[in-house]
Amino acid sequence: MARALKILGWSAGVVVLLVGIAVAGGYFFLTSDYVRGQLESQASAFSGRKTKIDKVKVDWGATTHVHLDGIQVSNSEWGKADHLMRASEVDFEIRLWPLLHGNLVLPLVTLRKPELHLEVNDKEQGNWEPGQSPVVANAAKAVTPDNRYEMPLIGRLEIVEGKLSFSDLKKKLNLVGIVSTALGKAGEQPQAELSVKGTLENQPLSVHFVGGSAIMLRDTSVPYPVDLDIAYGGTKLKVKGTLDDPFQWKGANVKLDLSGPNLSEIYPLLGIPGPPTPPYRITGQLERDPGIWKLTHTAWHVGQSDLTGDVVIDEHFKPQHLTAKLVSQHLVFADLAPLVGAPPGKGGNVSAQQQQTQQQLEATGDLFPNVPLHVERLRAMNMDVSLDARHVVAPDYLPVTALAFRVVVENGKATAKPLTLAVAGGTLAGELSIDAKTDNPDVHAALMARELDLGAFFQGSKYFDTTHGKIQGRINLAGHGKSLAQVMGGADGHVEAAMAGGSVSDLLVSLAGLQLFDALILYVTGDHRIPIRCALSRLDFQHGNVTLVRTLFDTEKSVLHVEGQVAPTSQVVNVQIKADPKKFDLLDLHGPVVVAGKIRKPEVSIARVIPIPTPVFGTAKDIACEALTQELLSGQPIVPGQR
């Protein structure tokens, strides 16, 4: 936040700096030997830069008029511009008697064709900095106003054809523009204006600032107006309002309006590692205490979701620390998809980039988006962010009704703990972490599922009335990478799930062909249910490949054993389901059901060992569901980073 908000202070400060140049020139003239050479020498010592003045003219009086021609201040040794500052002419009037009381009164200051070239090198040094000289540093500090009362009393400031450039090598920031003053129409206050355009991180950047005049800086009876507009790529930032004291940010009545296609794009501008989001708009009141920025009374509209909550950035810490407590009464679950690089969906409020990602996923059929996330930015700022979404809108197949989490980012590691989702009448809770201390981040998930209603996942479908059961489970996965595709493509760990009692719709089985009922030896009730006594499954992840281990379904007439592999990266599935009958069956097909092919559209077949059905004597027994469930869910969690 401080990086862009400093543009506000910098914008107003440019006007103050140009005034200071004129004031400093007058100061050194009045304390020199009244000759041009001495004036240059004094100015050079004050600024720490070699200063050249072509011509000096003084008309003495109670109000003395000083005219300077051809002023040039040299650049630092490493600076690329020919000079730090130059001006064709500097004219100012100064009243001598108030100087005896320590007051600087300038009825008129005129700068003609001033040019200011500010640069920051790769060591983050500014070419305007006074350097190591304590004399220069103390002098610069002495003339810097701490409040409005210390501003020189300037009757009128005129800046004619002013030019400004700013470049920051490390931040890839380049700006060029104009600075001017306008006297305004009759009855209106004069104002100062700054307008610059350039690039930041190779994206177009424009800054437009309109503030009160120089005389308004000193006039404490009137709040100082500020109006800042910044456009960076698709990001728009507007700061507008008034300040009782712009130097100390006191008596602020300032509104902030921030909008754009993706909140993560604010990082180069504000220095805040915002999360990936759909198009958004954030409004609020901008406040400041010493070293602390606050955004209060906020309203967030992100995608199709609405949020509220204050944001505080504390600059006393290194790195800076951000705190945000957000609450949502209406959160669309799809708006969280960009957090893992996925688009919010076809029907949502999406950016052009997210539309392109959606099209790529549909064209390739990939399960996971391969959109690199800028997790390295987590090293730039420590954070404590919480979200309490009390009403979540989600699709029928993903019945999330509420969620809450707290994310703590410390030294490049982000941990979401606790993380709780109210889903399918139960809960999914645990923690997620991303350790971005290295360029190949470690990602870990440890979650527990309790009392999930199987039928809730089929709400709105023809299977809903005949499908039910309570699911328990756990997820322990670890991987590496900057995108979800990279993490899942090399993930290690395991996922377990269990269901004691329930049923599924026979329509789910009949979709694949009527012979499956015979092959799996299934019992179907009169109301089209397939009763399930117990279901257990463990998925082992090894470098992104998934193996089904101890996966079985205990039904009325048979125990179904599921074996095989799933490769998410290549999107290939190869699974066999073998039926072990419990009783005598007259027409056993003697072959497993094979599910093979692409994950999104596999082929289902029966691999018969005997070409015709024959009788079989069943020997399978009911499994000890409770004991096996406890054993399945008691596995030790995987340690992040271990293989």
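A residue is called partly exposed when its relative accessible area lies between the buried range, under 20%, and the exposed range, over 50%. Asp-54, at 43% relative accessibility, therefore counts as partly exposed. The model described here is a predicted one. Its protein chain has 643 residues, of which buried residues make up 46%. The chain contains 10 helices and 35 strands.

**Overall architecture**

- Of the contacts in the protein chain with a separation of 6 or more, 53% are between residues 24 or more positions apart.
- The protein chain exposes about 31,800 Å², and carbon and sulfur atoms supply 56% of this area.

**Salt bridges**

- Side chains of opposite charge can pair when their charged atoms come close.
- The count of salt bridges in this model comes to 22.
- Lys-52 and Asp-54 form one of them, with their closest N and O atoms 2.4 Å apart.
- Lys-52 is partly exposed, with a relative accessible area of 41%, and Asp-54 is likewise partly exposed, at 43%.
- Asp-91 forms a salt bridge with Arg-112, and the closest N and O atoms of this pair are 3.0 Å apart.
- This pair links distant parts of the chain, as Asp-91 belongs to strand β3 (residues 83-95) and Arg-112 to strand β4 (residues 105-112), 21 residues apart.
- Asp-91 has a relative accessible area of 8%, so it is buried, the limit being under 20%.
- Arg-112, by contrast, is partly exposed, with a relative accessible area of 33%.
- Asp-229 forms a salt bridge with Lys-238, the closest N and O atoms being 3.0 Å apart.
- Salt bridges that share partners join Asp-229 and Lys-238 with Asp-227 and Lys-240 into one network.
- Within this network, Asp-229 is partly exposed, with a relative accessible area of 31%, and Lys-238 counts as partly exposed at 31% relative accessibility.

**The surroundings of Asp-554**

- Asp-554 is located in strand β29 (residues 545-555).
- This residue is buried, with a relative accessible area of 0%.
- The side chain of Asp-554 makes a polar contact with the side chain of Arg-533, at 2.2 Å.
- The Asp-554 side chain also reaches the backbone nitrogen of Ile-623, at 3.1 Å.
- Neighbours within four places in sequence being left aside, Asp-554 is in contact with Ile-532, Arg-533, Cys-534, Val-559, Lys-582, Asp-622 and Ile-623.

**Helix α10**

- Helix α10 spans residues 625-632, and its buried residues are Cys-625, Thr-629 and Leu-632.
- These buried residues lie on the same side of α10, because they cover an arc of only 65° around the axis.
- An α-helix has 3.6 residues a turn, so residues three or four places apart point the same way.
- The exposed residues Glu-626 and Gln-630 are carried by the face of α10 turned away from its buried side.
- The buried residues of α10 pack against three strands: β26 (492-500), β28 (529-542) and β29.
- Strand β29 is also the place of Asp-554.

**Cis peptide bonds**

- A cis peptide bond joins Lys-318 and Pro-319, with omega at about -5°.
- Pro-319 sits in the loop between β17 (311-314) and β18 (321-332).
- The peptide bond from Lys-417 to Pro-418 is also cis, and its omega is near 0°.
- Pro-418 lies in strand β22 (residues 413-423).

**Positive phi angles outside glycine**

- Glu-201 has a positive phi of about 55°, although it is not a glycine.
- The loop between β9 (191-200) and β10 (203-212) holds Glu-201, which is partly exposed, with a relative accessible area of 33%.
- Asn-411, a residue other than glycine, has a positive phi near 55°.
- Asn-411 is found in the loop between β21 (400-410) and β22, and at 47% relative accessibility it counts as partly exposed.

Methods:
Residues are numbered from 1 along each chain as its sequence is written. This is a predicted model: local features need pLDDT of at least 70, side-chain atom pairs count only at pLDDT 80 or more; totals for chains, interfaces and linings use all residues. Side-chain values use heavy atoms; hydrogens and water are left out. A salt bridge is a side-chain nitrogen of Lys or Arg within 4 Å of a carboxyl oxygen of Asp or Glu. Buried means under 20% relative accessible area, exposed over 50%, partly exposed in between (1.4 Å probe, protein chains only). Helices (H or I, at least four residues) and strands (E, at least two) are DSSP runs, numbered from the N terminus. Contact means heavy atoms within 4.5 Å. Accessible areas come from the Shrake-Rupley method with a 1.4 Å probe; for residues, only the protein chains shown count as cover. A polar contact is a pair of N or O atoms within 3.5 Å; within protein, one must be able to donate a hydrogen and the other to accept it, and residues adjacent in sequence count only if both atoms are side-chain atoms. The arc is that of the directions from the helix axis to the C-beta atoms.
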